[in-house]
Amino acid sequence: MSENIIGYIDNLGNIVDTQSADENIDAQAIEYDNSPEALEIIRHSTAHLMAQAITELYTNAKFFVGPTVDEGFYYDFKVDEKIGEEDLKKIEKKMKELIKKKYKIEKYEITKEEAVEKFANDDLKQAVLSRIPNEVVSIYKQGDFEDLCQGPHVPALRFLHNFKLTRVAGAYLGGDETKEMLTRIYGIAFADKESLKDYIKMMEEAKKRDHRKIGAEMELFMFNEESGAGLPFWMPKGSRLRYKLENILHKAHRKRGYQPVRGPEILKADMWRTSGHYACYGENMYLTTIDEQEYGIKPMNCIGHIQIFKQSGKSYRDLPLKYYEYGVVHRHEKSGVLHGLLRVREFTQDDAHIFCTPEQIASEVIDIVEFVDSVMKLFGFEYSMEIATKPEKAIGDDEVWELATQGLKDALTENNLPFTIDEGGGAFYGPKIDIKITDAIGRKWQCGTVQVDFNLPERFNVEYVGEDNERHTPVMIHRAILGSFERFIGILTEHYAGEFPLFIAPTQIIFVPISESHVAYAKELKNRLIDLDIDCEIFDKNDSLNKRVRTAEKQRVPYVVIVGDEEVANNSVAIRDRRAKEQYNLSFDEFMVKLTQQLNEGKI
RNA sequence: GCCCAUAUGGCUCAGGGGUAGAGCACUUCCUUGGUAAGGAAGAGGUCGUGAGUUCAAGUCUCACUAUGGGCUCCA
């Protein structure tokens, strides 16, 4: 057996470790390297090494499960002591000591019955065993440490060198909120030192583009302890960015036949009872009493749009009727989940509701998916689609749900659009397609959504007169493209690391006049650019030219424009182009043409 | 909501039971400079909030609030 073989891939594609393989195995060898299979083995073994170290440091430690995940591995366990970030170093040190003992990792099998007896005093092991259907279970042993485990593991501890424990967290037993909370330690491991270094470096880079850090640096948005958690404030620069995004999207909606509407922020509680929100979504709603009547602050915009639809009689000729609103909604998210702009308690959705006939669903869904695609392409986002089906708390009959779900599937399948299924992840009133964007660190965030709803129109007696002169109930499609401005701008900020393209940059141009005598010229240019809806600033503070250029560059604006005697005389501008990383001179008219072209890139 | 951690001028951080420090930002003055930090002076903090321990609390303890990393949920 080669020194470097740590496992095999059998003909079913399963990983078999050296402990489990028989001597004459005829399978593809897994070498000790950074292949996904090798990392799976290495990381899982590192999790066990960590467990062994914890056992030595905390004699009363009991272990639940320690699997590998996309980003490394973790182990869930229970100790009497509190474990904090500081303790990770201690555990790492102990792990390195254990490696020096050069233990082999051995495997033996016992029956489940024997295992239940063996771990009789360990309630967590009993919980693990209760989830295993097999009659025979395997135990891995390294030194004195034994653990119930199905593997795979490296042959010996000497294969484990390049690891780092990354964070401590709490995790419910089996992910179940009603069960006890265990301590979880996450870690990462690689086959070589370089890869570990690269990984740590990548995480540091990701931190630098964190939207919370950039948002503070660029003065885009803020939070305020006295005002409350999850309630963002938009500062001037953030508002400018947001306004541009709203404007681009406003035009895109108008081109696609949507009509702007706006509903009230609070509605009587009875409205929410009729809609089902009170029963199905009540725990997320903020309620208040006015003149002894209960009101609810809207967590969604659909009810308002329904009222507007119902205000006048509608004919089949009016359908599909598309209302859109940048709707401000409030949702009581649990305090522990709030996260910068990505999860807040007040946010604005780019929300729309399409009232249509059942026959129109497929083509409307396709139109929306195309709309989503054009927005994602504009910003260069990778995204995936997921169809979410009926949740536990839901209104409406199963048949209606089945019909709506199938409609979504058909629309995507017929257009060869790939999707996955999220069982039970739908809204309480209908199934949906969720559009998830992958962010700079690889996390997926739900942004756009398309939801087919047969339920709310019926509950509110929404009707239109058909070709047959009979009354019919329309279908409602709820949809959002960005999802919310808050989350989308948060992701955009990380995506571009604050270097926004010209068409949405909060400050698009900074003028740096060489001396006071050039300020008037800069102001004149600035005013002309306002007509193009371009936001400019003039850096005419009493600082050196170098200092002002530096300060301007640090603002991450697309263009820094220097103007002095030469530029005033020639009616030109000296440009520092940050995106192209070049410096060049243009006449102001040429510059205007260039800017107009770049603004047009933001048309969809 | 739960587990763990953190909270010092606008920002980034140092200090660690005996009555607050740096850099940047800010203000004023000098400097009017052709592409990433010119110089000088000044102002600014009841050390997140509230209790407790102590002769004495930014410093120790507890609660709360907010933030961060997770669990769960979701745009």
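**Exercise 1.** Which backbone atom of I514 lies 2.4 Å from RNA strand B, and what kind of nitrogen does it face there?

*Solution.* This is a predicted model, in which local features need pLDDT of at least 70, side-chain atom pairs count only at pLDDT 80 or more, and totals for chains, interfaces and linings use all residues. Residues are numbered from 1 along each chain as its sequence is written, chains are lettered from A and ligands numbered from 1 in the order in which they are written, and side-chain values use heavy atoms, with hydrogens and water left out. A backbone N or O atom of I514 lies 2.4 Å from a base nitrogen of RNA strand B, which falls under polar contacts (pairs of N or O atoms within 3.5 Å).

**Exercise 2.** Describe the protein surface near RNA strand B.

*Solution.* First, count the residues near the strand (one heavy atom within 4 Å of it): 59 residues surround RNA strand B, with Y172, R343, Q446, I514 and N542 the closest. Next, sort these residues, which divide into 18 nonpolar, 17 polar and 24 charged. Finally, turn to the backbone of the RNA: a phosphate oxygen is 2.8 Å from an N or O atom in the side chain of K547, while a sugar or linking oxygen is 3.1 Å from a polar backbone atom of C447.

**Exercise 3.** Place strand 18 (residues 321–330) among its partners.

*Solution.* Strands here are DSSP runs of E with at least two residues, numbered from the N terminus, and two of them pair if DSSP finds at least two bridges between them. Strand 14 (residues 259–260) runs parallel to strand 18, joined by 2 bridges, and Q259 stands opposite Y323. Strand 19 (residues 346–356) runs antiparallel to strand 18 through 10 bridges, with V328 opposite T348.

Conventions. Polar contact = N/O pair within 3.5 Å; in protein donor to acceptor, adjacent residues only side chain to side chain. Nonpolar A, V, L, I, M, F, W, Y, C, P; charged D, E, K, R; others polar. Buried < 20%, exposed > 50% of the residue type's maximum accessible area, 1.4 Å probe, protein only. Helix = DSSP H or I, 4+ residues; strand = E, 2+ residues; numbered from the N terminus.
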